[in-house]
Amino acid sequence: MFRQEEHIDFKAVPSNKPLPPDCTQVTDLHYSIHAFEHLEGMKARKNLSGTAELGLKNAIPHRDNVDDYGNLIYEAMKKNKTSWVLFNMAAFYWRIKGDSYQVIECLRRALHYSPRMQKDVALISLANVLHRARYSNEAAIVVHAALDVSKELNVNHFTLGNIYAVLGEYNKSVICFENTLKIQPEFEAAAKRKHAVLCHAKLESALEAQHRSLQRTLNDLKDYQRKHDFWQQQNTKLQTEQVPADVKMIQEQTFDQLNSWHSNANLWSKTGNTGANQDDFCQMIDRHGHHILECNRDRKPSSNFDFSLSSEDSSSNTETKEKDPAWSLDAKSTTDYSVPVRAPLYSAESKSHHHKEMPVDWPSKEECDMYVQKFPDPQNMSTVYLSPENKGFEVRALLSEAQSLYAGDEHPLPWYPPICTPLLDITDGSVLTYDHIRSVADRANFALKFPEPAMRQILLDHVNNGIVTKEEVGQRILTALKQSISPNWILFNLAGLYWRILGNAFYGIECIRRALYTVPELYRDVPLINLGSILYRVGRYDDAIVVIKDALMINSVEPLTNYFLGNLLVATQNYTGAVWHYEQALVEPYGLKEAYSALRAVKCQQKFHKPAQSEASHHLSDANGMTDSSTTSPNCQQKIMYSTNIPQGESRVICQTENGAEKCVIETRSHSKSSNCDGHCTQTCTIIPIKLESCASAMSSQGGLGAAVMAATEFNNGICDHDADCPGNKDSCKEEKCHQINVQPHV
């Protein structure tokens, strides 16, 4: 050991401005092999965190004024720049101040200049600094180096015991504290630290054991949860597979009754009494995966019955059968949905023979201006859906009760769309399925998307009062078809409606073909209306008219059929035919308000817009030398030739080929001088025709373009444009008409 009085002068007069012992200013030391420069803590010494070790004041003489103590060390270091004792004392000063960087710089120089047997002093200080800076592993290395120098000092073992305790090496820590007590048995702090480490080790061991136990418990709970979920799944499946309690009770009653019939049958066979109705029978049937005992009276058994009885008490009557719960169950389970359950909504008998004629001057100009803002677009006329319920059939039950699904029930997942092609195989080319119609034969070439969102609610209303998704309704239709619930033509027709909503014409036609293949002749108009709607949506107006006319031949009093045919005739500009069918749809005692609105629109078109259109067509015919209508093809409407020089109008024809068929657009524009317009006033008529097959040869022979007119007509009266349509200036348009008009295509 060394005495501080031998190295510094404690009797010196205190300085008014004490200076700290900055070891870096005393001597430069870039590297020292003795200073453990390879340790990470030594490399990062400028960034080490540290706290003041005020307890070290007890080891210095100047306990009250540490700065004076530091100044004395500084004065002594100026006289002796290589004293390892002064550098250790300076390190003590900086440990009291809490400056880790200055501590390490002083200890590096102390280690560099210390003799080997005195290096443990600086090493223990260095270990304490590294340990407090959370470099405990490196601190343990440094203490072991100090123990190599001196194993007799208790402070070395005590320091290493503290470091191992922090590192969690409790056994090594206990050994170090025991070595400390061997050297100094009265070292009370070492004894307390030893017991604290033992207690902590025991507590940690107990906590680890508890953690392992909790982990095992958690694993057991997870395993129990898996087993419980599996049990619940199996129990739910078991309950769904079992017959309900009320049905089971009825079956037991029926079975007891069956046993009594057996006994009576044996008795009658011995006595020769045949007092039973030979048409009574009971049989086991498989319904929706469940075996059910079914007993019927006054009906012949099917060919695949398991057993039958022909004995019955002759005194029982019809009233007894109706009151017997066993028979009431059978009556409910064998409801025949293939026949109408009520009278049809519309029939020839209910049709009124006194047709109420509209007034001759109806509608008035004021009514047309108020209610008919624009003539209907032929490409967006309303389509319809003719429900089998109009014929008296029960449709909703096919998607619910017939599948053991009741109000509020949801069909089990998964849900698939009702694709009809794999459900019923039919050959192409059949007249029953209208394969002779070109549009039906070309169904695979239609575009995929012609959606009809207006039909969505009609489909949804078949299940749970409309509170359902169309995907679930589609699955219910598919389930009913797979379970062969009758009548399947209604289900195929519903599937066609499903695909109409999605806009898939191919799948829709495939389902309707199967409905047509299986439907009775009396009700063929139901799927025909569905088919006609699809053909209209894909632009095949003529084929749609053929189909709807066939539907009208089956039932001529359906308002929806007459209304829809009127729409199709409007699309083909056959206004006279459209008016007649609209009026048929309005015949009392039933009538459609939609037909009234459509009839008014057509009447307004005929009364107030058609004269202007006819005048434009007249000028067009005169300018082009139209051929007589008798020379045209019988399947074509009036031919309109290309024209560019008309005194009061202008016209042009634009043709293009789509899907192998030529389609033409005819545009006409007429203009006239108006008294209330000082500019250029025009009246425009845009007509979109669709070319017929049989028109091709007629057009070729006449050297022009012909088309069947099938579109809406738009009239813009009194549109004044001073500059846009006139090649001249504003003033020139006031005096005379402008004959050069820029006509843009309208497709």
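A residue is taken as buried when its relative accessible area is under 20%, as exposed when that area is over 50%, and as partly exposed in between, with a 1.4 Å probe and protein chains only. On this basis, 44% of the 747 residues of the protein chain count as buried. The structure is a predicted model, in which local features need pLDDT of at least 70 and side-chain atom pairs count only at pLDDT 80 or more, while totals for chains, interfaces and linings use all residues. Residues are numbered from 1 along each chain as its sequence is written, and side-chain values use heavy atoms, with hydrogens and water left out.

The protein chain contains 26 helices and 9 strands; these are DSSP runs numbered from the N terminus, helices being H or I with at least four residues and strands E with at least two. The accessible surface of the chain, computed by the Shrake-Rupley method with a 1.4 Å probe (for residues, only the protein chains shown count as cover), comes to about 40300 Å². Carbon and sulfur atoms account for 51% of that surface. With contact meaning heavy atoms within 4.5 Å, 68% of the contacts between residues at least 6 apart in sequence join residues at least 24 apart.

Confidence is given by pLDDT, the predictor's value for each residue from 0 to 100. The mean pLDDT of the protein chain is 75, and 69% of its residues reach 70 or more. Two segments stay under 50: residues 612-648, for which the model has 73 contacts beyond four places in sequence, and residues 671-747, for which the corresponding number is 173.

Cavities were sought on a 1 Å grid over the protein atoms alone, a cavity being a set of points where a 1.4 Å probe fits but cannot get out, and lining residues having an atom within 4 Å of a point. Grid points are joined across faces, edges and corners, and a volume is the space filled by probe spheres set on the points. The search of the whole structure finds 5 cavities of 30 Å³ or more. The second largest has a volume of about 70 Å³. Its lining consists of Ser49, Gly50, Thr51, Glu53, Trp94, Arg95, Gly98, Asp99, Ser100, Val103, Val129 and Arg132. Helix H4 (84-97), helix H5 (100-113) and helix H6 (119-132) are the elements that give two or more residues to this lining. Sorted by class, the lining of the second largest cavity has 3 nonpolar, 5 polar and 4 charged residues, where Ala, Val, Leu, Ile, Met, Phe, Trp, Tyr, Cys and Pro count as nonpolar, Asp, Glu, Lys and Arg as charged, and the others, Gly among them, as polar.

In the N-terminal numbering range, aspartate 28 lies in the loop between helix H1 (23-26) and helix H2 (40-43) and is exposed, at a relative accessible area of 60%. Aspartate 28 and glutamate 105 are 77 residues apart in sequence, with their C-alpha atoms 9.9 Å apart. Asparagine 71, in helix H3 (residues 66-79), counts as buried because its relative accessibility is 7%. Beyond its neighbours within four places in sequence, asparagine 71 is in contact with Ser15, Lys17, Pro18 and Leu19. Arginine 134, in the loop between H6 and helix H7 (136-149), has a phi near 70°, a positive value in a residue other than glycine. The relative accessible area of arginine 134 is 70%, so this residue is exposed.

Two cis peptide bonds precede prolines in loops. The bond from leucine 413 to proline 414 is cis, with omega near 0°; proline 414 lies in the loop between helix H14 (365-371) and helix H15 (438-441). Leucine 413 is exposed, at 63% relative accessible area, and its C-alpha lies 8.8 Å from that of glutamate 472, 59 residues away in sequence. A cis bond also joins serine 486 and proline 487, with omega about -5°; proline 487 is in the loop between helix H17 (470-482) and helix H18 (488-502). Serine 484, in the loop between H17 and H18, has a positive phi near 55° and counts as exposed at 57% relative accessibility.

Tyrosine 498 is found in helix H18 and is buried, with a relative accessible area of 5%. Leaving aside neighbours within four places in sequence, tyrosine 498 is in contact with Pro417, Pro418, Leu459, Lys470 and Gly474. Tyrosine 498 and arginine 456, 42 residues apart in sequence, are 8.0 Å apart from C-alpha to C-alpha.

Note on methods
On a 1 Å grid over the protein atoms alone, a cavity is a set of points where a 1.4 Å probe fits but cannot get out, and a pocket is an open set with protein on both sides within 12 Å along at least five of seven lines; lining residues have an atom within 4 Å of a point.
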